[in-house]
Amino acid sequence: MTLPKARAEIFTVAPYVGGESKLPGVNRVIKLSSNEGAFGPPPVAIAAMQEAAAAMHRYPDGGMHALRAALGKKFGLDPAQIVCGNGSDDLLTLLIQSYGGHGTELIMSEHGFSIYEIAGKIAGCVVRKARERDLTTDVDAMLALVSPATRMVFIANPNNPTGTLIPESEMRRLRDNLPPDVLLVIDAAYAEYVTRPDYDPGIALVNAGDNCVMTRTFSKIFGLGGARLGWAYAPPAIVDVLNRVRGPFNVSAMVAAAAIAALADEHWLIDGAAHNTAERARLAARLTAAGIKVIPSEANFLLLDFVTPERAMAADAHLRRHGIIVRYVKSYNLPACLRVTIGTTEECDLLAEALIEFQNG
Ligand SMILES: *Cc1c(COP(=O)(O)O)cnc(C)c1O
């Protein structure tokens, strides 16, 4: 008997494993495993989504005109160069389907975000990983991997799970030295948390040519991860491609309403970023003082290096006993590390106390 068979590439990837959210026998779980915003969704977004639900028998505006206009206004961009997606994962996958595929190579960094590899392999690309320096993207190592088959380069900046970034000058040097037919995708999921003045999320490079795309998300600082919304800022020819390949109604009307409301909330972004900057520094200082190696981060999480896998797993187990879930990042080839999301002040305190206890235990 011959049964339906999926394409062979599909079995080269393991299903994505997200951050856990439950611990058996623990009532109050502190979830610091998936980098969602610390404060829940913006209340104005909940209200807008509820209001929009009354019209959910209607299809959404597939062109997302109101949402793109709101994004353009907030970030000073031309709405015609914005495409929305069902999470930025949706857009990253569509870019790979459109510009990658069999016979092409995709370059990412050693500890780069896993979706590039998953979507790349499914599309049939050969995924090549450039070594990093100090857990940071190394432009020269990436350039050394370029071959005539290279079609795409993906960089999360800041990167997940390391939290490190490269400055605008390095990103520009990369773009300048890549062949013009190679698409550079800058995934700026954590852009809103960055405080370094030498950083650009990718807007300058998108504006500078026709071979660079920036992706952004509502899943992190905007607190809408469960709603699924991301957007890309791209040159017109790439916008045209994305609009051909995306699902015609890939963002729901409720999600669009929630996002427009979130964008209109003047304080949400500023307060969230200020909280993150302060708590990230405070947590890093406490953990460093306790003898834990903390990788300097520009995102809403810290990567902690416990030197050996055994010690990282023991720390993870200790945190679980305290009801705290973080991310063991073995699958990113960082088997001695845990990634911890910056939560509320109280959550950061409980995390710090549990890890200090672990260090002294
Ligand atoms: C969280 C994250 C995303 C966001 O994905 P969504 O599909 O928009 O939720 C994208 N890239 C990186 C590097 C991330 O960490």
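## Polar contacts with the ligand

A polar contact is a pair of N or O atoms within 3.5 Å. The model discussed here is predicted. In it, a polar atom in the side chain of S219 sits 2.6 Å from an oxygen atom of the ligand. That distance falls within the 3.5 Å limit, so the pair counts as a polar contact.

Two charged side chains also take part. D187 places a polar side-chain atom 2.6 Å from a nitrogen atom of the ligand. R228 has an N or O atom in its side chain that lies 2.6 Å from an oxygen atom of the ligand. On its own, the ligand has 390 Å² of accessible area, and the protein covers 93% of that.

## The shell around the ligand

How many residues surround the ligand? There are 13 around it. Those that come nearest are D187, T217, S219, K220 and R228.

The shell is mixed in character. Four of its residues are nonpolar. Five are polar, and four are charged.

## Helices α1 and α9

Helix α1 spans residues 43-53, and helix α9 spans residues 253-264. Their axes come within 8 Å of each other. They cross at roughly 145 degrees. The crossing of α1 past α9 is right-handed.

Which residues make the contact? From α1 come V44, A45, A48, M49, A52 and A53. From α9 come A253, M254, V255, A257, A258, A261 and A262. The contact holds 13 nonpolar residues, with no polar and no charged ones.

## The loop between β5 and α6

Strand β5 covers 150-156, and helix α6 covers 168-177. The loop between them holds P158. P161 has its place in the loop between β5 and α6 as well.

Each of these prolines follows a cis peptide bond. The bond from N157 to P158 is cis, with omega near 0 degrees. The bond from N160 to P161 is also cis, with omega near 20 degrees.

## A positive phi at M64

Where is M64 found? It is in the loop between α1 and α2, and α2 runs over 65-75. Its phi is near 50 degrees. That is a positive value in a residue other than glycine.

## In brief

The ligand has 93% of its accessible area covered by the protein. D187, S219 and R228 each bring a side-chain atom to 2.6 Å from a ligand atom. Elsewhere, α1 and α9 meet through nonpolar residues. The loop between β5 and α6 contains P158 and P161, and the peptide bonds leading into them are cis.

Definitions and conventions: Residues numbered from 1 in each chain as written. Predicted model: local features only at pLDDT ≥ 70, side-chain atom pairs only at ≥ 80, totals over all residues. Heavy atoms only, no water. Near = heavy atom within 4 Å. Polar contact = N/O pair within 3.5 Å; in protein donor to acceptor, adjacent residues only side chain to side chain. Areas by Shrake-Rupley, 256 points an atom, 1.4 Å probe, with all protein chains shown as cover. Nonpolar A, V, L, I, M, F, W, Y, C, P; charged D, E, K, R; others polar. Axes fitted to C-alpha atoms, helices over the stretch in contact; angles between N-to-C directions. Helix = DSSP H or I, 4+ residues; strand = E, 2+ residues; numbered from the N terminus. Left-handed = near helix turned anticlockwise from the far one by under 90°. Contact = heavy atoms within 4.5 Å.
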